[in-house]
Amino acid sequence: MSESERRRLMASRIKDARLAAGLSQGQVAKLMALHRPSVTEMEAGNRKVSADEIRKLANIFDVSPSYLLGESPDMLAIDDPKIQLAARELQKLEPEALDKLLHALAMFRNDDKPKGENDN
Amino acid sequence: MVAGRRSIILNAAQAASDAREQASLDLVDPIDVYALASALNTRVRFVDIDMEGFYFKGSPARVLLSAHRPLPRRAFTCAHELGHHWFGHGTTMDELQTDDRSDSENPNEILANGFASFLLMPTIGIRRAFNARGWDISKAGPLQMLTVASEFGVGYETLLTHLSMMLKDLPPNRRAELEKTKPKKIRKNLLGENDLTGLTILDSHQQAKTIELEIGRGVVLPKGTLLDGNSLTAAGTFPTFDLYRATKRGLTTAKNAAWTVELRIAPTKFIGPAQYRYLEDPDE
């Protein structure tokens, strides 16, 4: 993936995660102590986003930093061990609802890491 | 099976009391179920998915609630998913339901349902709510039922089910009769023609400290209630109460001689983590 493709993917993931968090660009700017245009530019892929900003955005959106960076998949696999128990029930969902659920689960941050590895 | 069901429900009622105690809540008053979820280390998020709810057993545990369901329904489903969490059940998905799942035969579902019912509508609190107003549960009318449902943040039919199936304070034939009057009809009888998406009725006896609203929903407040905030718009004056419509995301404090309540106004069918539902938007 080229640098510009990587930046575009990251920009679209930031926007996607913001909308899934029910926040406006203005609200995110306020929570990040940034000016609103900075958030607009991040989502347009026109502004470099620092590692610290990715960490803060991930915290605010409650998603994993790797999702925002475009390093983890957009959808959880139906046979992912994390949802193994519910796999049979999930098959009852309409295909569109199932896709949306697997997408939501792919975004989430998992705190199952040794202490100290996580941000905050 | 009947005896088994009853013992599961008793177990659920005890667990609901334990959960309230763990979060330092009393066993009487209405609660903010989303704050309780947070106190129990679960993260709640409203999602644009056609289902009822989803409990994800993980670290952290997560509850996903469909934003498409009515506002009081979301609170009940949140409590139901917290039941799965409390009892250590695995990741589970709850499909769309037309009623309160009271006919489910799955012990885990009966348990989670009983937990939700008693968590949101504790026996002492519900009986107090009727007694304080001088109302007999077995004879209360639709408007009275909707008033108590509003106080506890649950749906009209959810309260009827609880009074009838769990507390046994409402005879089945009376429940069936009350169920014929839908909340929309009660609203129309009280206010006349209106285009509100739902109605919360707060009278001078209510004990809730926080009330969930969303844009498009109406709230009835006693005469003389003062408002601090700009999320509500006056929508009508009646002989014994004033009607407001929720019009803007944010917080409004309502205060009168009897109580002070924080009214939390979310966007219609809000999508996002529960803690942002009433966060004011500088872009508006």
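1. How many residues of chain A are in contact with chain B, and how many of chain B with chain A? In this predicted model, 34 residues of chain A touch 28 residues of chain B. Together the two chains bury about 2500 Å². Carbon and sulfur atoms account for 57% of that area. On the chain A side, Gln27(A), Asp62(A) and Phe108(A) supply 19% of the area buried against chain B. No other three residues supply as much.

2. Next, the charged and polar links between the chains. Four salt bridges cross the interface of chain A and chain B. Arg36(A) and Asp283(B) are joined by a salt bridge, with N to O at 3.1 Å. Polar contacts across the interface number 18 residue pairs, counting pairs with both residues at pLDDT 80 or more.

3. Which helices of chain A supply at least two residues each to the side that touches chain B? They are helix H1 (3-20), helix H2 (25-32), helix H4 (51-61), helix H6 (87-90) and helix H7 (95-107). By class, the residues on this side of chain A are 18 nonpolar, six polar and 10 charged.

4. Chain A itself is simple to describe. It has seven helices and zero strands. Along the sequence the pattern reads α-α-α-α-α-α-α. Its C-alpha atoms fill a box of roughly 45 × 35 × 30 Å along the principal axes.

5. Look also at helix H4 of chain A. Arg55(A) and Asp52(A) both lie in this helix, three residues apart, which is about one turn. Their side chains meet in a salt bridge, N to O at 2.8 Å. Over all chains the count of salt bridges comes to 33.

6. Where are the cavities? The whole structure holds two of 30 Å³ or more. The largest contains about 90 Å³ of space. Its lining draws on both chains. Chain A gives Leu76(A), Lys82(A), Leu105(A), Phe108(A), Arg109(A) and Asn110(A). Chain B gives Phe56(B), Ser59(B), Pro60(B) and Arg62(B). By class, the lining has five nonpolar, two polar and three charged residues. Phe108(A) is worth a second look: it lines this cavity and is also one of the three residues named above for buried area.

7. Two more residues of that lining, Ser59(B) and Pro60(B), deserve a check of their backbone. The peptide bond from Ser59(B) to Pro60(B) is cis, with omega near 5°. Most peptide bonds are trans. Pro60(B) sits in the loop between strand S2 (53-56) and strand S3 (61-66) of chain B.

8. What lines the second largest cavity? The lining residues are Tyr34(B), Phe46(B), Leu71(B), Arg74(B), Glu212(B), Ala266(B), Phe270(B) and Arg277(B). The volume of this cavity is about 60 Å³. Five of its lining residues are nonpolar and three are charged, with no polar residue.

9. One last backbone point concerns Lys168(B). Its phi is near 60°, a positive value in a residue other than glycine. Most residues other than glycine have a negative phi. Lys168(B) lies in the loop between helix H7 (156-166) and helix H8 (172-179) of chain B.

Note on methods:
Residues numbered from 1 in each chain as written. Chains lettered and ligands numbered in written order. Predicted model: local features only at pLDDT ≥ 70, side-chain atom pairs only at ≥ 80, totals over all residues. Heavy atoms only, no water. 1 Å grid on protein atoms, 1.4 Å probe; cavity = no way out; pocket = protein on both sides within 12 Å on 5 of 7 lines; lining within 4 Å. Points joined across faces, edges and corners; volume = space filled by probe spheres on them. Nonpolar A, V, L, I, M, F, W, Y, C, P; charged D, E, K, R; others polar. Contact = heavy atoms within 4.5 Å. Buried area = accessible area lost by both parts, 1.4 Å probe. Polar contact = N/O pair within 3.5 Å; in protein donor to acceptor, adjacent residues only side chain to side chain. Helix = DSSP H or I, 4+ residues; strand = E, 2+ residues; numbered from the N terminus.
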